[in-house]
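Visitor: I would like a close look at one part of this protein, with its surroundings. Please take me through it step by step.

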Amino acid sequence: MPGSRGPARSTRHPQDPDAAEDAFERLPATAGGAGDAELHEAGPRLAAFLGEVPPGPRAAVAVLIGACVERGADPSACAPAVFAGAQEAFGRAADFCAAWKEAGRGELPSHEGEGLEGADFERFGFGPVMAWQSLPQFERACVAMLNSPAVRRTVPGRTGLRDAVTRAAGLSGEPFQCLVYALAVLDDEPFVAIDRATGAGFALRASGIGDNFQLHTLLAGVLIGGGHLPGTAPSPEAVAMCRDLPGQTPTTGSFNLVGADGEWIWNEGNPADVPVVDGVRLVLLDPPPYERSRPAGRFFPGMTGELVLERAPTAEESRALLAQVAQPGR
């Protein structure tokens with residue numbers, strides 16, 4: 001960044017520990033005073049050397065890259081390095097969790113270091129310990145990247161990162177829900193919703209929907225609010241807040257969502273949980289068994305949600321799909 005004394009402009013050797021420490025200490029304050037144009041340039045430049053940053057400050061630099069992206073830096077240029085750093089951190093953290101349990105140490109230490117002893121850095125290795133401590137920061141940085149539809153659609157590395165997060169979650173018992181849900185977000189995904197009472201079907205396409213609370217409200221907005229089904233529609237404000245309007249507002253569930261396996265589709269889950277039938281995710285719409293009030297809004301405030309009604313399947317198409325639905329599980 002112009003006027004900064006960060007690592008990219010240091011005249012000292014890039015591996016000089018004193019110079020590096022000095023530069024890392026300056027970065028947050030320097031970035032905080034930078035304008036949008038400077039941060040647009042800084043994000044990719046910081047990402048270019050993220051892999052060379054020592055384990056201690058690496059996650060903090062990843063968060064700073066995420067902040068640059070949130071201010072307009074190119075997420076597609078920044079995401080590969082952040083994903084690679086996060087995958088390495090989750091992988092090494094999983095090794096740390098396994099070693100910690102094998103040593104019989106009981107409950108894992110906090111990410112802030114509570115429960116660690118000074119000797120643990122030598123016993124388990126500085127890198128694995130720092131990786132464990134860095135996970136909340138890497139989670140935050142990755143979500144900032146995944147808010148971008150371009151990153152979700154085109155940037156490689158999501159599968160390896162997902163596998164590393166899954167392993168770390170299994171060994172630690174920590175769900176890392178924000179990152180798990182962000183990695184599961186679907187784009188340009190075909191859905192078919194069928195009103196079980198009437199057999200009326202609706203072919204839709206979903207993108208950027210973080211959880212099934214958001215999906216439920218958008219479905220009700222499109223189908224009831226659009227006059228295609230009877231019932232009480234969510235308010236226009238609730239629907240807008242599930243798309244791109246900031247904030248949350250109270251709403252009431254309009255349906256009971258059921259999958260092709262006959263099981264309820266829980267609002268707390270995400271659209272990737274919805275079972276697939278004949279290449280589409282099939283949602284059956286039943287009346288709600290009781291009133292469910294909840295706040296309407298986006299699981300990821302920086303991610304735009306979309307649900308578009310494309311067409312009405314024929315009666316034959318809807319019947320063919322319904323014929324493959326299991327009996328209700330409850």
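Guide: What follows is a walk through a few helices, with stops at some single residues. Keep in mind that this is a predicted model.

Start with the whole chain. Its secondary structure comes to 12 helices and 8 strands. The chain has 330 residues, and 48% of them are buried. Now take the contacts with a separation of 6 or more: residues 24 or more positions apart account for 71% of them.

Our main stop is helix α10. This helix covers residues 212-223, which is 12 residues. From its first C-alpha to its last, α10 reaches 16 Å. That is close to the 16 Å expected at 1.5 Å a residue.

Look at how α10 sits. The helix is mostly covered, with 11 of its 12 residues buried. Among the buried ones are Asn212, Gln214 and His216. Leu215, Leu218, Leu219 and Leu223 are buried too. So are Ala220, Gly221 and Val222, and Thr217 as well.

Next, go to the start of α10. Here aspartate 211 comes in with a side-chain oxygen. This oxygen reaches to within 3.4 Å of the backbone nitrogen of phenylalanine 213.

Now find a partner for α10. Helix α11 spans residues 236-243. The axes of α10 and α11 come within 9 Å and cross at roughly 130°. An angle of that kind makes α10 oblique to α11. From α10, the contact is made by Gln214, Thr217, Leu218, Gly221 and Val222. From α11, Ala238, Val239, Cys242 and Arg243 take part. Compare this with the burial list: Gln214, Thr217, Leu218, Gly221 and Val222 are buried residues of α10. The crossing of α10 and α11 is left-handed.

A second pair of helices is worth a visit. Helix α6 runs over residues 126-146, and helix α9 over residues 177-184. Their axes come within 9 Å and cross at roughly 25°. Because angles under 35 degrees count as roughly parallel, α6 is roughly parallel to α9. On the α6 side, Glu139, Cys142, Val143 and Leu146 make the contact. On the α9 side, the residues are Gln177, Cys178, Leu179, Ala182 and Leu183. This crossing of α6 and α9 is left-handed.

Stay with α9 for a moment. Its buried residues are Leu179, Tyr181, Ala182 and Leu183. What covers them includes α6, along with α4 (75-102) and α8 (158-172).

Back in α6, pick out serine 134. Serine 134 counts as buried, because its relative accessibility is 6% and buried means under 20%. Leaving aside its neighbours within four places in sequence, serine 134 is in contact with Ala59 and Ala89. Histidine 111 is another residue to find. Serine 134 and histidine 111 are 23 residues apart in sequence. In space they are 7.0 Å apart, C-alpha to C-alpha.

Last, step into the loop between α6 and α7 (149-154), the place of asparagine 147. Asparagine 147 is in a loop, yet it is buried, with a relative accessible area of 16%. Its contacts, leaving aside neighbours within four places in sequence, are Arg152, Phe300, Gly302 and Met303.

Technical notes
Residues are numbered from 1 along each chain as its sequence is written. This is a predicted model: local features need pLDDT of at least 70, side-chain atom pairs count only at pLDDT 80 or more; totals for chains, interfaces and linings use all residues. Side-chain values use heavy atoms; hydrogens and water are left out. Helices (H or I, at least four residues) and strands (E, at least two) are DSSP runs, numbered from the N terminus. The expected span of a helix is 1.5 Å times one less than its number of residues. Buried means under 20% relative accessible area, exposed over 50%, partly exposed in between (1.4 Å probe, protein chains only). A polar contact is a pair of N or O atoms within 3.5 Å; within protein, one must be able to donate a hydrogen and the other to accept it, and residues adjacent in sequence count only if both atoms are side-chain atoms. Axes are lines fitted to C-alpha atoms, for helices over the stretch in contact, and angles run from 0 to 180 degrees between N-to-C directions. Angles under 35 degrees count as roughly parallel, over 145 as roughly antiparallel, 65 to 115 as roughly perpendicular and the rest as oblique. A crossing is left-handed if the near helix is turned anticlockwise from the far one by less than a right angle, and right-handed if clockwise. Contact means heavy atoms within 4.5 Å.
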